[in-house]
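Here is a walk through one protein model, with an eye on what holds its side chains together. Have the sequence and the 3D view open as you read.

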Amino acid sequence: MLFRLASTLSAVVSGGLTSQFPEFYQQYRQRLGGHLDQAKERMTEITVDAQSKDLSVKDYIQSFLDSPAHTLEGQRMQDSFVTVERLSMAETALQQASLVGQPATFAQHFDPTLAQAVAETFQPAFPLTPAGLIYGGAGALLGWLILITGRRLFRRKSSKEAPA
């Protein structure tokens, strides 16, 4: 009786937690898209400024890097282009990931600062989407399997230690 209650509770809790992944993933993608838009804006500003000086973007940034008083700004400009490339790659990968591949893709392109920002405003959703139901079901099964495995390991260990 106690084991049934524990296994049901384990399945419900783990299923409930994993069913939230699709919503978190979606909110993470939205926030990532916002950061990408902001980085692209900065890149456009730099490009327009370079054109107004009749310089290539590379030469424009280099002029800042060569000036001791403006080296930091030059580095920030350079970083803007790297950021756009990194965020674009992440956005494309996250957008194209299959339902099953989303956790691995998320882990591969994980940005702790971005995830923290999502977590601070995240509100659980009732998962009525197919993805939420699949992840919830998989999590429930995983929680139940972990409990069963732990119980079997504990029983084997206990039976080996018991005097004959």
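The report below goes through helix α1, the cores, the aromatic rings and the salt bridges. Keep in mind that this is a predicted model.

## Helix α1 and its two sides

Let's begin at the N terminus. Helix α1 covers residues 2-18, which is 17 residues. From first C-alpha to last it reaches 24 Å, close to the 24 Å expected at 1.5 Å a residue.

Which residues of α1 are buried? They are S7, A11, S14 and G15. Looking down the axis of α1, you'd find the buried residues within an arc of 100°, so they line one face of the helix. On the other side of α1 sit L2, L5, L9, V12 and L17, and these are exposed.

As a general point, nonpolar side chains in soluble globular proteins tend to be buried together. The next section turns to the cores.

## The nonpolar cores

The largest nonpolar core has 18 residues. Which of its residues have the most contacts inside it? Those are F24, Y25, Y28, L32 and F106. The elements giving two or more residues to this core are α2, α4 and α6, and α2 gives the most, with seven residues.

Y25 is a handy place to zoom in. Leaving out residues up to four places away in sequence, Y25 touches L94, A97, Q102 and F106. There is also a second, separate core, made of seven residues, and A50, I61, F64 and M77 are among them.

## Aromatic rings

How many aromatic pairs does the count come to? Eight. One of them is F24 with F122, an edge-to-face pair with 5.5 Å centre to centre and 65° between the planes. F24 lies in helix α2, while F122 is in the loop between α6 and α7 (130-161), so this pair ties together parts that are 98 residues apart in sequence. F24 counts as buried because its relative accessibility is 17%, under the 20% cut-off.

Y60 and F64 form another edge-to-face pair, at 5.1 Å centre to centre and 70° between the planes. Both rings belong to helix α3 (residues 57-65), where Y60 and F64 are four residues apart, or about one turn of the helix. Y60 and F64 are both buried, and F64 turns up in the second core too. Elsewhere, ring pairs link F21, F24, Y25, Y28, F106, F110 and F122 into a cluster. Of the names in that cluster, F24, Y25, Y28 and F106 also appear among the residues with the most contacts inside the largest core.

## A glutamine in α2

Now for a polar side chain. Is Q27 of helix α2 buried or exposed? Q27 counts as buried, because its relative accessibility is 18% and the cut-off is 20%.

What does Q27 contact? Setting aside its neighbours within four places in sequence, Q27 is in contact with V118, F122 and Q123. F122 is also the ring partner of F24.

## Salt bridges

In general, side chains of opposite charge can pair when their charged atoms come close. The structure holds three salt bridges. In one, the side chains of R42 and E45 meet at 4.0 Å, N to O. R42 and E45 both lie in helix α2 (residues 21-52), three residues apart, about one turn of the helix. R42 also meets E73 in a salt bridge, at 2.4 Å, N to O. That pair links distant parts of the chain, with R42 in helix α2 and E73 in helix α4 (residues 71-96), 31 residues apart. Put together, R42, E45 and E73 are linked in a network of salt bridges.

How accessible are the residues of this network? R42 is partly exposed, at 26% relative accessibility. E45 is partly exposed at 42%, and E73 is partly exposed with a relative accessible area of 26%.

The remaining bridge to look at joins the side chains of R86 and D111, at 3.8 Å, N to O. R86 lies in helix α4 and D111 in the loop between α5 (102-108) and α6 (112-121), so the pair ties together parts that are 25 residues apart in sequence. R86 counts as partly exposed, at 44% relative accessibility.

Methods: Residues numbered from 1 in each chain as written. Predicted model: local features only at pLDDT ≥ 70, side-chain atom pairs only at ≥ 80, totals over all residues. Heavy atoms only, no water. Buried < 20%, exposed > 50% of the residue type's maximum accessible area, 1.4 Å probe, protein only. Phe/Tyr/Trp six-rings, centres within 6.5 Å; stacked < 30°, edge-to-face > 60°. Contact = heavy atoms within 4.5 Å. Expected span 1.5 Å × (residues − 1). Arc of directions from axis to C-beta. Core = buried A, V, L, I, M, F, W, Y, C linked by side-chain atoms within 4.5 Å.
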